[in-house]
Every structure is written in structure tokens, then in C-alpha cells.
Amino acid sequence: MFEKVKNIVAEQLDEDIEKITMETSMMSDLEADSLDAVEIIMALEDEFGVSIPDEDAESFKNIGDIVKYLELKIS
């Protein structure tokens, strides 16, 4: 799960995949803006076949939060 999320984030932000860990913050560490965040959420929804409400997405502080959320939604 983490590897898929990491690949999507790296691709969307054109970032070095090695820089992304579970503790990485999209906003402060990767300098993503709100449009980047929306595009990443849309890509994650497409990849994993889930719907991520805005209020849930706003609670994500780092990549680990996204991974844990998706693991709960999919299991």
C-alpha cells in the first residue's frame, strides 16, 4: 500500500521517490499546494477504487495518514 501511495505522490508532484516516507508531509515537506492535493486525492481514488470525502482528506497530515486511511477503507 505504501509503495503505491508513494509512487502516486511522487508522480503527481514530480518528486524523487526516495524523499517520500510515511512521515513526509505533502504540504510542508513536498511543498504541495491545494490543487496538487486535490489531484493526488483524485489519483488515489482512481487507483484504489474508493471515494475520499474532502473532510477526510483535510485530516491527512502526512503520507502515513493516507496509507492508514486507505488500508481501513479497503479492508
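Here is a short walk through this predicted model, one selection at a time.

**Stop 1: residues 1-74.** Start by selecting residues 1-74, the stretch that an unreviewed UniProt entry annotates as "domain: Carrier". Colour by secondary structure: the chain over residues 1-74 is 58% helix and 0% strand. Now show the C-alpha atoms at the two ends of that stretch, which sit 10 Å apart.

**Stop 2: two helices.** Next, pick out helix α1, residues 2-13, and helix α4, residues 63-74. Turn the view until you can see both axes; they are 10 Å apart, and the helices pack at an angle of about 130 degrees. With that angle, α1 counts as oblique to α4. While you're here, check the hand of the crossing: α1 and α4 make a right-handed one.

**Stop 3: where they touch.** Which residues meet between α1 and α4? Switch on side chains for Phe2, Val5 and Val9 on the α1 side, then for Ile63, Ile66, Val67 and Leu70 on the α4 side. Seven residues of this contact are nonpolar, with no polar and no charged ones.

**Stop 4: Lys6.** Stay in helix α1 and click on Lys6. Is Lys6 buried or exposed? Its relative accessibility is 11%, so Lys6 counts as buried, the cut-off for buried being under 20%. To see some of its surroundings, add Ile17 and Ile20 to the selection: Lys6 touches both, leaving aside residues up to four places away in sequence.

How values were computed:
Residues are numbered from 1 along each chain as its sequence is written. This is a predicted model: local features need pLDDT of at least 70, side-chain atom pairs count only at pLDDT 80 or more; totals for chains, interfaces and linings use all residues. Side-chain values use heavy atoms; hydrogens and water are left out. Axes are lines fitted to C-alpha atoms, for helices over the stretch in contact, and angles run from 0 to 180 degrees between N-to-C directions. Helices (H or I, at least four residues) and strands (E, at least two) are DSSP runs, numbered from the N terminus. Angles under 35 degrees count as roughly parallel, over 145 as roughly antiparallel, 65 to 115 as roughly perpendicular and the rest as oblique. A crossing is left-handed if the near helix is turned anticlockwise from the far one by less than a right angle, and right-handed if clockwise. Contact means heavy atoms within 4.5 Å. Ala, Val, Leu, Ile, Met, Phe, Trp, Tyr, Cys and Pro count as nonpolar, Asp, Glu, Lys and Arg as charged, and the others, Gly among them, as polar. UniProt positions are given in the numbering used here, feature names are shortened, and annotations may be inferred rather than shown by experiment. Buried means under 20% relative accessible area, exposed over 50%, partly exposed in between (1.4 Å probe, protein chains only).
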